[in-house]
Amino acid sequence: MDDHKENIHSADGNVNVSNGDDDNKLKEDSTVCPKEKEDAPRASNSDFSHAVYKEISLANGQINRMSKEELRLKLSQLKLDTRGVKDVMKKRLKSHYKKQKLAVATADDGQQADACYDYICVVDFEATCEEDNPRDFVHEIIEFPMVLINTRTLEIAGTFREYVKPELCSKLSDFCVKLTGITQETVNAAQPFPLVLKQAVKWLEEKELGTRYKYTFLTDGAWDMSKFLNMQCCLSQIRYPAFARRWINIRKAYRNFYKVPHSQIKLSTMLAKLGLQYEGRPHSGLDDSRNIARVALRMLRDGCRLRVNEQLHGGLLTPAPAWAAEEGAPPPRCPGNRR
């Protein structure tokens, strides 16, 4: 639903990311996928004086001079993924050598490198829509999917999906049914959003997220949390859940990590650049979430440390502050009613 999400307008004007480029509304967040010195071994020499950076620099220079076939051969020899365009393969090989050399350096310094979070929860809502949404159109969530990534095993650890019964406008438009594949009969038989949210919270609690394990959320763009969930909570007269206030916008993370232009950060393009094909039905919330998770897993394997980069603060979409970049989400709790 990413293309259609780009034409969404907020009913109350508090959150407005309607031009399809959410990053034009936000300042560049340097906390996403840290630069070289942020991965420095935690020794007394925390700047670039550490000898490992000279080795990394030399390796990067050699990789830059390699042809596409040379890159593919080297990746194959290292038993790494050989799919993707040349720039992606270069980044993958550089990240491999960097991770390898920094692991040795941190081990020598008595330190242990780790991922930012134990789990990353991918969310991609589907909502009511029309072919040409009027500016004051109110979107109601009709599919609530989640895909859980284990950052240690780099595997999908579980999935959740519940359909939601819209209450403001109970009849789906023909366009919405065709786009999402969600039928009128499906939403008629579903529960209202507050009850579905309780089920989602229970699922997250059963995974011990926020208690035993450090976790955060990840979305394809800013719309899912800042618009769909925010708008739905207003409609359902419940508070916005505290555990969903910060998330990773994978579009920003992907663009920063692979150094690509804005035109190459749609889900279909990200998959293609990584040598992957979309699996499932486009605009199915769960299938979209699974494919977003595949991009995230590839980025993690390529050496990206995915970090929180956006948040909802005072009802407004803003960059996440640096101190929040590696802070996990709080334990999931059902929000109270609005007063």
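A disulfide is a pair of cysteine sulfur atoms within 2.5 Å. The model is predicted: local features need pLDDT of at least 70, side-chain atom pairs count only at pLDDT 80 or more, and totals for chains, interfaces and linings use all residues. Residues are numbered from 1 along each chain as its sequence is written, and side-chain values use heavy atoms, with hydrogens and water left out.

**Exercise 1.** Find how many disulfides the whole structure has, and examine Cys129 and Cys234.

Solution.
- Step 1. The search of the whole structure returns 0 disulfides.
- Step 2. For Cys129 the closest cysteine sulfur is that of Cys176, at 3.9 Å, so the two are too far apart for a bond.
- Step 3. Cys234 is also in no disulfide; its nearest cysteine sulfur belongs to Cys233, 7.2 Å away.
- Step 4. Burial is judged by relative accessible area: buried is under 20%, exposed over 50%, and partly exposed in between (1.4 Å probe, protein chains only). Cys129 counts as buried because its relative accessibility is 2%, whereas Cys234, at 29%, counts as partly exposed.

**Exercise 2.** Describe the pairing and covering of strand S5.

Solution.
- Step 1. Helices (H or I, at least four residues) and strands (E, at least two) are DSSP runs, numbered from the N terminus. S5 spans residues 215-219, and 5 of its 5 residues are buried.
- Step 2. Both faces are covered: Tyr215, Phe217 and Thr219 lie on one side, Thr216 and Leu218 on the other.
- Step 3. Two strands pair if DSSP finds at least two bridges between them. S5 pairs with S1 (residues 119-123) in the parallel sense over 4 bridges, and Ile120 stands opposite Thr216.
- Step 4. S5 and S6 (residues 246-249) also run parallel, joined by 3 bridges; Phe217 has Trp247 as its bridge partner in S6.
- Step 5. From S5 the chain passes through helix H8 (residues 223-235) to S6 in a right-handed β-α-β crossover. Right-handed means that, with the strands pointing away from the viewer, the path from the first strand over the helix to the second runs clockwise.

**Exercise 3.** Place Arg251 and describe the helix around it.

Solution.
- Step 1. Arg251 is in helix H9, which covers residues 250-258 and has 9 of its 9 residues buried.
- Step 2. Arg251 counts as buried because its relative accessible area is 2%.
- Step 3. A polar contact is a pair of N or O atoms within 3.5 Å; within protein, one must be able to donate a hydrogen and the other to accept it, and residues adjacent in sequence count only if both atoms are side-chain atoms. The side chains of Arg251 and Asp220 make such a contact at 2.8 Å.
- Step 4. Asn249 caps the N-terminal end of H9, with a side-chain oxygen 3.0 Å from the backbone nitrogen of Arg251.
- Step 5. Just after H9, Lys259 has a positive phi of about 55 degrees.
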